[in-house]
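Me: I've got the chain open on my screen and would like a close look at one part of it. Pick a spot, walk me through it, then work outwards.

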Amino acid sequence: MSELTLTVLRLGLLALLWMFVFAVVGVLRADLYGTRVSRRKERSVAKAQARAQQRAAVAAARPGTPSARGIPTMLVVTEGRLAGTTIPLTSTGMIIGRNPESALVLDDDFASGRHARLFQRDGGWWVEDLGSTNGTFLGGARLTSAQPVTIGSILRIGRTVLEFQA
């Protein structure tokens, strides 16, 4: 082989080695520092709460809707780092935890990767703990099996408190 070919091959392998080193450092950084959660502005939180109250008032005025029957339609984070976050409850249900693939990603040291699951059964919403280390609490009692939730039910996962609303 010529000298030029060997030099190009060496530089290519050196570049490949550095890309591998940067990839390893990136993975280690993500494992050590977790998922980045951006802070929400107070104004946007107030707007979201106002919209949620307006939707609840409109839904309560219509008889026969899920909220008129006492079935929650949204989940609101009332305490914790994500306070003010509102998530609509869809028929597919949701997983709550620290895993980035969860529907509600908690930035809480006391939450497991897949901490709790919300699902529909018999026309209502149910919550169950997914074998978390620190437990899931519904109204102050630790969940040992799937339990039904209604409007106003309080769910605590670590330092995060969630409330079911219409």
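Reply: What follows starts at the hairpin of β10 and β11 and works outwards from there.

Quick housekeeping: this is a predicted model, so local features need pLDDT of at least 70 and side-chain atom pairs count only at pLDDT 80 or more, while totals for chains, interfaces and linings use all residues. Residues are numbered from 1 along each chain as its sequence is written, and side-chain values use heavy atoms, with hydrogens and water left out.

Strands here are DSSP runs of E with at least two residues, and helices are runs of H or I with at least four, numbered from the N terminus. Strand β10 covers residues 154-157 and runs antiparallel to β11, with four bridges between them; two strands count as paired if DSSP finds at least two bridges. The hairpin has two residues between its strands, and Gly-158 in the turn has a positive phi of about 65°.

Going along β10, Ile-154 sits opposite Glu-163 in β11, and Leu-155 faces Leu-162 there. On its other pairing, β10 meets β7 (residues 137-138), antiparallel again and over two bridges, where Leu-138 has Leu-155 as its bridge partner. In a regular strand, side chains alternate between the two faces of the sheet. In β10 the covered face carries Leu-155 and Ile-157, while Ile-154 and Arg-156 are on the uncovered one.

Zooming out, these strands belong to an open, antiparallel sheet of six, in the order β2-β1-β11-β10-β7-β8. The edges are β2 (86-88) and β8 (141-142), each with a single partner, so one side of each has no neighbour in the sheet.

Now back to β11 (residues 160-165), where Thr-160 is placed. Thr-160 counts as buried because its relative accessible area is 5% (buried is under 20%, exposed over 50%, partly exposed in between, using a 1.4 Å probe and protein chains only). Its side chain makes a 3.2 Å polar contact with that of Asp-108. A polar contact is a pair of N or O atoms within 3.5 Å; within protein, one must be able to donate a hydrogen and the other to accept it, and residues adjacent in sequence count only if both atoms are side-chain atoms. Beyond its neighbours within four places in sequence, Thr-160 is in contact with Val-77, Glu-79, Gly-80, Leu-106, Asp-108 and Leu-155, contact being heavy atoms within 4.5 Å. Leu-155, of course, is the β10 residue from the covered face.

Next door to Asp-108 in numbering, Asp-107 makes a salt bridge with Arg-81 at 2.7 Å, N to O. A salt bridge is a side-chain nitrogen of Lys or Arg within 4 Å of a carboxyl oxygen of Asp or Glu. Arg-81 is in the loop between β1 (74-79) and β2, Asp-107 in the loop between β4 and β5 (116-121), and the two are 26 residues apart. Asp-107 counts as partly exposed because its relative accessibility is 30%.

That β4-β5 loop brings us to the other sheet. Five strands make up this open one, in the order β4-β3-β5-β6-β9, with mixed pairing. Its edge strands are β4 (104-105) and β9 (147-149), each pairing on one side only. Strand β3 (residues 94-97) runs parallel to β4 over two bridges, with Ile-96 opposite Leu-104.
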